[in-house]
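Reader: Please take me closely through the way the helices pack in this protein, together with the charged pairs around them. I should like each term to be given with its cut-off.

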Amino acid sequence: MPRLHALELLPDDAGHDVVRRDWQALRDAGLPSQLDHRGATNSPHVTVVAAPVLRAEDQQEAYDLLGPLLPTGARAAGIALLGGRRVTLVRLVEVPDTVVRAVLELRARVADVQHPGWLPHVTLARRMDRSDVSRALEVLGHDDVVITLTTLRRWDPDAGIVTTS
(Lines give C-alpha, C1' and ligand atoms only; values in the text may rest on other atoms or scores of the structure.)
Protein backbone atom coordinates (compact mmCIF):
# COMPACT_ATOMS: atom_id res chain seq x y z
CA MET A 1 0.00 0.00 0.00
CA PRO A 2 1.46 3.40 -0.95
CA ARG A 3 2.21 5.94 1.73
CA LEU A 4 -0.49 8.56 1.69
CA HIS A 5 0.00 12.28 1.35
CA ALA A 6 -2.20 14.24 3.72
CA LEU A 7 -3.67 17.61 4.50
CA GLU A 8 -4.47 17.98 8.19
CA LEU A 9 -5.87 20.50 10.66
CA LEU A 10 -3.78 21.02 13.80
CA PRO A 11 -5.06 22.24 17.17
CA ASP A 12 -3.54 25.08 19.15
CA ASP A 13 -1.23 24.31 22.08
CA ALA A 14 -4.10 23.81 24.53
CA GLY A 15 -5.85 21.36 22.16
CA HIS A 16 -2.55 19.61 21.54
CA ASP A 17 -2.11 19.15 25.29
CA VAL A 18 -5.66 17.79 25.71
CA VAL A 19 -5.07 15.08 23.11
CA ARG A 20 -1.61 14.22 24.43
CA ARG A 21 -3.13 13.78 27.92
CA ASP A 22 -5.43 11.11 26.42
CA TRP A 23 -2.41 9.48 24.76
CA GLN A 24 -0.50 9.53 28.05
CA ALA A 25 -3.45 8.12 30.04
CA LEU A 26 -3.69 5.17 27.63
CA ARG A 27 0.05 4.54 27.84
CA ASP A 28 0.02 4.80 31.66
CA ALA A 29 -2.71 2.13 31.69
CA GLY A 30 -0.52 -0.18 29.59
CA LEU A 31 -2.73 0.22 26.52
CA PRO A 32 -1.78 1.09 22.94
CA SER A 33 -1.39 4.84 22.46
CA GLN A 34 -0.40 7.23 19.70
CA LEU A 35 2.55 8.05 21.97
CA ASP A 36 3.91 4.71 20.74
CA HIS A 37 4.03 6.06 17.17
CA ARG A 38 7.58 7.28 16.52
CA GLY A 39 6.97 9.06 13.21
CA ALA A 40 8.29 12.59 12.80
CA THR A 41 4.80 13.88 12.00
CA ASN A 42 3.06 12.22 14.92
CA SER A 43 1.13 14.98 16.61
CA PRO A 44 -2.55 15.54 17.31
CA HIS A 45 -4.40 16.37 14.10
CA VAL A 46 -7.64 15.99 12.16
CA THR A 47 -7.02 14.58 8.67
CA VAL A 48 -8.83 16.56 5.98
CA VAL A 49 -7.77 14.46 3.00
CA ALA A 50 -5.38 11.58 2.38
CA ALA A 51 -4.44 10.45 -1.12
CA PRO A 52 -1.58 8.68 -2.92
CA VAL A 53 -0.70 12.02 -4.56
CA LEU A 54 -1.50 15.61 -3.69
CA ARG A 55 -0.78 18.21 -6.33
CA ALA A 56 0.39 21.74 -5.56
CA GLU A 57 -3.05 22.86 -6.76
CA ASP A 58 -4.69 20.66 -4.12
CA GLN A 59 -2.60 22.25 -1.40
CA GLN A 60 -3.39 25.76 -2.65
CA GLU A 61 -7.09 24.91 -2.84
CA ALA A 62 -6.96 23.70 0.77
CA TYR A 63 -5.37 26.97 1.88
CA ASP A 64 -7.92 28.98 -0.13
CA LEU A 65 -10.93 27.07 1.23
CA LEU A 66 -9.86 26.42 4.82
CA GLY A 67 -7.41 29.21 5.59
CA PRO A 68 -10.11 31.91 5.96
CA LEU A 69 -12.02 29.64 8.39
CA LEU A 70 -9.11 29.22 10.81
CA PRO A 71 -8.93 29.39 13.69
CA THR A 72 -12.14 27.56 14.41
CA GLY A 73 -13.56 26.03 17.53
CA ALA A 74 -14.26 22.30 17.56
CA ARG A 75 -15.61 19.90 20.14
CA ALA A 76 -13.76 16.65 20.74
CA ALA A 77 -16.79 14.60 21.59
CA GLY A 78 -17.65 10.90 21.62
CA ILE A 79 -15.28 8.03 21.12
CA ALA A 80 -15.52 5.65 18.16
CA LEU A 81 -13.85 2.49 16.92
CA LEU A 82 -12.58 2.05 13.38
CA GLY A 83 -11.47 -1.27 11.97
CA GLY A 84 -11.98 -4.95 12.47
CA ARG A 85 -10.48 -7.45 14.89
CA ARG A 86 -7.94 -4.88 16.04
CA VAL A 87 -9.31 -1.36 16.14
CA THR A 88 -8.28 2.24 15.96
CA LEU A 89 -9.66 4.24 18.87
CA VAL A 90 -10.59 7.82 17.97
CA ARG A 91 -12.18 10.86 19.53
CA LEU A 92 -14.78 12.30 17.16
CA VAL A 93 -14.44 16.02 16.45
CA GLU A 94 -17.44 18.21 15.75
CA VAL A 95 -16.57 21.16 13.52
CA PRO A 96 -18.70 24.05 12.21
CA ASP A 97 -20.77 23.42 9.07
CA THR A 98 -18.67 25.95 7.15
CA VAL A 99 -15.59 23.79 7.72
CA VAL A 100 -17.45 20.62 6.75
CA ARG A 101 -18.60 22.23 3.48
CA ALA A 102 -15.09 23.47 2.68
CA VAL A 103 -13.56 20.06 3.38
CA LEU A 104 -16.12 18.23 1.25
CA GLU A 105 -15.55 20.70 -1.60
CA LEU A 106 -11.81 20.11 -1.37
CA ARG A 107 -12.19 16.33 -1.20
CA ALA A 108 -14.36 16.41 -4.34
CA ARG A 109 -11.48 18.03 -6.23
CA VAL A 110 -8.66 15.70 -5.10
CA ALA A 111 -8.05 12.52 -7.10
CA ASP A 112 -8.03 9.11 -5.39
CA VAL A 113 -9.10 10.33 -1.95
CA GLN A 114 -8.97 7.53 0.60
CA HIS A 115 -12.24 6.78 2.40
CA PRO A 116 -15.51 8.28 1.13
CA GLY A 117 -17.05 11.20 3.00
CA TRP A 118 -15.34 12.79 5.97
CA LEU A 119 -15.37 11.67 9.58
CA PRO A 120 -13.44 14.30 11.55
CA HIS A 121 -11.54 12.65 14.37
CA VAL A 122 -8.33 12.60 16.37
CA THR A 123 -6.64 9.20 16.61
CA LEU A 124 -5.89 8.07 20.16
CA ALA A 125 -4.60 4.53 19.57
CA ARG A 126 -4.09 2.10 16.71
CA ARG A 127 -4.13 -1.70 16.63
CA MET A 128 -5.97 -2.04 19.93
CA ASP A 129 -7.42 -5.44 20.75
CA ARG A 130 -11.18 -5.27 21.12
CA SER A 131 -10.82 -6.87 24.54
CA ASP A 132 -9.01 -3.70 25.73
CA VAL A 133 -11.67 -1.24 24.56
CA SER A 134 -13.76 -1.17 27.76
CA ARG A 135 -10.63 -0.49 29.84
CA ALA A 136 -9.60 2.27 27.42
CA LEU A 137 -13.02 3.89 27.78
CA GLU A 138 -12.68 3.83 31.57
CA VAL A 139 -9.25 5.46 31.32
CA LEU A 140 -10.38 8.17 28.92
CA GLY A 141 -13.66 9.04 30.60
CA HIS A 142 -16.50 10.71 28.75
CA ASP A 143 -15.96 14.47 29.07
CA ASP A 144 -16.12 16.47 25.85
CA VAL A 145 -13.49 19.15 25.37
CA VAL A 146 -13.41 22.22 23.21
CA ILE A 147 -10.32 22.63 21.09
CA THR A 148 -9.29 25.25 18.58
CA LEU A 149 -8.07 24.16 15.16
CA THR A 150 -5.57 26.77 14.00
CA THR A 151 -3.24 25.45 11.33
CA LEU A 152 -3.31 23.52 8.07
CA ARG A 153 -0.47 21.02 7.63
CA ARG A 154 0.67 19.19 4.50
CA TRP A 155 2.54 15.88 4.82
CA ASP A 156 4.53 14.66 1.82
CA PRO A 157 5.82 11.18 2.74
CA ASP A 158 7.75 10.79 -0.52
CA ALA A 159 9.92 13.84 0.17
CA GLY A 160 9.67 13.56 3.96
CA ILE A 161 8.51 17.19 4.12
CA VAL A 162 5.94 18.77 6.43
CA THR A 163 4.68 22.27 5.69
CA THR A 164 2.26 24.32 7.75
CA SER A 165 0.33 27.51 7.21
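Author: The account below begins with the basis of the values and then follows the helices and their charged pairs.

The model is a predicted one, in which local features need pLDDT of at least 70 and side-chain atom pairs count only at pLDDT 80 or more, while totals for chains, interfaces and linings use all residues. Residues are numbered from 1 along each chain as its sequence is written, and side-chain values use heavy atoms, with hydrogens and water left out.

Helices and strands are DSSP runs numbered from the N terminus (helices H or I with at least four residues, strands E with at least two). Helix α1 comprises residues 13-28 and helix α4 residues 133-140; they pack at about 130°, with 9 Å between their axes. Axes here are lines fitted to C-alpha atoms, for helices over the stretch in contact, and angles between N-to-C directions run from 0 to 180 degrees. The angle makes α1 oblique to α4; angles under 35 degrees count as roughly parallel, over 145 as roughly antiparallel, 65 to 115 as roughly perpendicular, and the rest as oblique. The crossing of α1 and α4 is right-handed, meaning that the near helix is turned clockwise from the far one by less than a right angle, whereas an anticlockwise turn would be left-handed.

Asp22, Ala25 and Leu26 of α1 meet Ala136, Val139 and Leu140 of α4, contact being heavy atoms within 4.5 Å. By class, five residues of this contact are nonpolar, none is polar and one is charged. In that scheme Ala, Val, Leu, Ile, Met, Phe, Trp, Tyr, Cys and Pro are nonpolar, Asp, Glu, Lys and Arg are charged, and the others, Gly among them, are polar.

Asp22 also has a charged partner: its side chain forms a salt bridge with that of Arg91 (2.9 Å, N to O). The term requires a side-chain nitrogen of Lys or Arg within 4 Å of a carboxyl oxygen of Asp or Glu, and by this rule the count comes to ten. Because Asp22 lies in helix α1 and Arg91 in strand β4 (residues 86-94), the pair ties together parts that are 69 residues apart in sequence. Both Asp22 and Arg91 are buried (under 20% relative accessible area; exposed is over 50% and partly exposed in between, with a 1.4 Å probe and protein chains only). Gly15, which lies in helix α1, is likewise buried, at 2% relative accessible area. Gly15 and Leu149 are 134 residues apart in sequence, yet their C-alpha atoms are 7.9 Å apart in space.

Close to α4 in sequence, Asp132 and Arg135 form a salt bridge (3.8 Å, N to O). Arg135 is partly exposed, at 35% relative accessibility.

Helix α2 (residues 56-66) has Asp58, Gln59, Ala62, Tyr63, Leu65 and Leu66 as its buried residues. Their cover includes β1 (5-11), β2 (46-51), α3 (97-109), β6 and β7 (161-164). α2 and α3 pack at about 165°, with their axes 10 Å apart, and are therefore roughly antiparallel. The contact is made by Asp58, Glu61, Ala62, Leu65 and Leu66 of α2 and Val99, Ala102, Val103, Glu105, Leu106 and Arg109 of α3. These residues divide into seven nonpolar, no polar and four charged.
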